[in-house]
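Here are a few notes to help you find your way around. Have the viewer open as you read.

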Amino acid sequence: MNPIDRRSFLGVAGGAGALPLLTAAAAGQEADGASAATATALLPYQEDSRARRMKWWHDAKFGMFIHYGLYSIIGHQEWVMESEGIAIPDYEKLAGRFMPKPGAAREWARLAKRAGQRYMVLTTKHHEGFCLWDTATTDYNAAKQGAKRDIVREFVAAARAEGLGVGLYFSLMDWHHPDGARCKDDAAARERFVAYTHAQIRELLSNYGKIDILWYDVDWPLTPEQWRADAMNRMVFDLQPDIIVNNRNGLTGDFATPEHRITASERAWESCMTMNYGWGYQRSDQEWKPARKLVNELTLCVQQGGNYLLNIGPEADGSVPRASVDTLEQVGAWLRTNGAAIYDCDGRAAGAFGNYTNFTKAKDKLYVHVYFWPSGSPAAQVLDALKPETVVAVGGVRTKILSARLLKTGESVAFTQDAIALRLTGLPDEAPDDPTTVIELTCAGTPYVRHHLIRPEWPRYGVNIGGARSS
């Protein structure tokens, strides 16, 4: 692994007003209820079939997360029931008012398609305990309350219609079920609640055809052994032999799930991120990340060999906030031109990035992602390295470059290369693409970039600046 310090990169790349990586409130929620792999149950089938089951997911790179539930009616994000201490009988009143408009799931799926996302993950039951499917385990569900519809069924059909992978999020923690907390210390309550949870997972994986992802969340308050998590996963694979599962039921799963951060791992991983501060709809939150920041985050995930799961928080009726739609459509338009620099790539392109660049690679292609177009430096009057016109310079390219072109236009780009730096020259004053310009380099070997490697290779001269230099 070649870990990358991303603080300065993403902090700057978001531009003015860039969001902090994680709000204090979100950090507090996750620290109190977060799931982490605490046990390893290596099911032979799971291990033997993982490469086959996960190939489509590695190829997909980019997915849509959807946080939608009763909390969407309040509009104070998804933890509102607990964070504001709303009594269960009061919160239950929202169930009768949960009425997503017809076709909401189709809108989500069509937006995901336009955005270039290749799979979707819906919160079938968040921590509030309200179920979006027609479950026999409780009447506290969309089919028996206000909507009188099975929203999971609509979601699955919508995703399939757009050719997208189908993912179901399921919270093990349940604030509504009477045994959801007392199961920690009450053996009888634990037996009931674990049986209830297994039964709900069985329904979700039995009644909707092929499901591609089961996305567990928050295993509080039980241990993996108390959840019977190994039996849980055995059931999952018996019902859905091709499914992949994450690591939040207390087992290592098929992939890791860093949240609000991009953290590479030797094993498969997927960074889940929000478009503003929260996951669920927050009516007053207008702190939207710009398209450039989202493209940066996607590129960094791909550069380090991971996936990017980007969230939308629909409003009470299922409508997607206009700002989310507009920004996702910008990302999608960029991907329609630059998709080869994302979807075809296999990770580990670089061990560092530049002040205005990042890198992805696919076979013999190195893609230079230029976020801030480096034209107009007054230092070009002094430094030959910044001439002629606009120059994109990259230190530490560890393979010979054969050709270069702009991915947006296909136009060839002139370049020079020595042991220290690659210089792409004769570029226009204005960035050819928005929000990021990609330059495709064809290489003589496997591409790799790490500018730190040039430190011992620079020709170094004497310290007497005013006198004769010696190498």
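1. Start with the packing, and keep in mind that this is a predicted model. The largest nonpolar core has 123 residues. Those with the most contacts inside it are Phe98, Trp108, Met120, Phe155, Ile201, Val392 and Ile439. A second core, separate from that one, has 15 residues, including Trp215, Ile244, Cys272 and Trp279.

2. Pick Met120 and look around it. Leaving out residues up to four places away in sequence, Met120 touches Met64, Ile66, Trp108, Ala109, Ala112, Phe155, Ala159, Leu164, Gly165, Val166 and Gly167. Two of the names there, Trp108 and Phe155, also appear among the core residues with the most contacts.

3. Now for the sheet. It is open, with 7 strands in the order S5-S4-S3-S2-S1-S7-S6, and the pairing is parallel. Strand S5 (244–245) and strand S6 (270–273) are the edges, each pairing on one side only. As a reminder, strands of a sheet pair through backbone hydrogen bonds, either parallel or antiparallel.

4. Have a look at both edges. At one of them, S5 runs parallel to strand S4 (residues 213–217), and 2 bridges join the two; Leu214 has Val245 in S5 as its bridge partner. At the other, 4 bridges join S6 to S7, again in parallel, and Cys272 is partnered with Leu309 in S7.

5. Is S6 covered on one face or on both? On both: Glu270 and Cys272 are buried on one side, and Ser271 and Met273 are buried on the other. Cys272 is worth a click, as it also belongs to the second core.

6. Next, the helices. Helix H7 (residues 104–115) lies across strand S1 (62–66), strand S2 (119–125) and strand S7 (307–312), and runs at about 150° to S1.

7. Which residues of helix H11 (residues 229–239) are buried? They are Ala229, Met232, Asn233, Met235, Val236 and Phe237. These pack against helix H3 (44–60), helix H9 (187–206), helix H10 (224–227) and the strands S4 and S5.

8. Last, the cavities. There are 2 cavities of 30 Å³ or more, and the second largest has a volume of about 30 Å³. Its lining is made up of Ala41, Leu42, Gln46, Glu47, Arg50, Asn233, Leu251, Thr252 and Gly253. H3 supplies the largest share of that lining, 3 residues. Asn233, also in the lining, is one of the buried residues of H11.

Note on methods. Residues numbered from 1 in each chain as written. Predicted model: local features only at pLDDT ≥ 70, side-chain atom pairs only at ≥ 80, totals over all residues. Heavy atoms only, no water. Pairing = 2+ DSSP bridges. Contact = heavy atoms within 4.5 Å. Axes fitted to C-alpha atoms, helices over the stretch in contact; angles between N-to-C directions. Core = buried A, V, L, I, M, F, W, Y, C linked by side-chain atoms within 4.5 Å. Buried < 20%, exposed > 50% of the residue type's maximum accessible area, 1.4 Å probe, protein only. 1 Å grid on protein atoms, 1.4 Å probe; cavity = no way out; pocket = protein on both sides within 12 Å on 5 of 7 lines; lining within 4 Å. Points joined across faces, edges and corners; volume = space filled by probe spheres on them.
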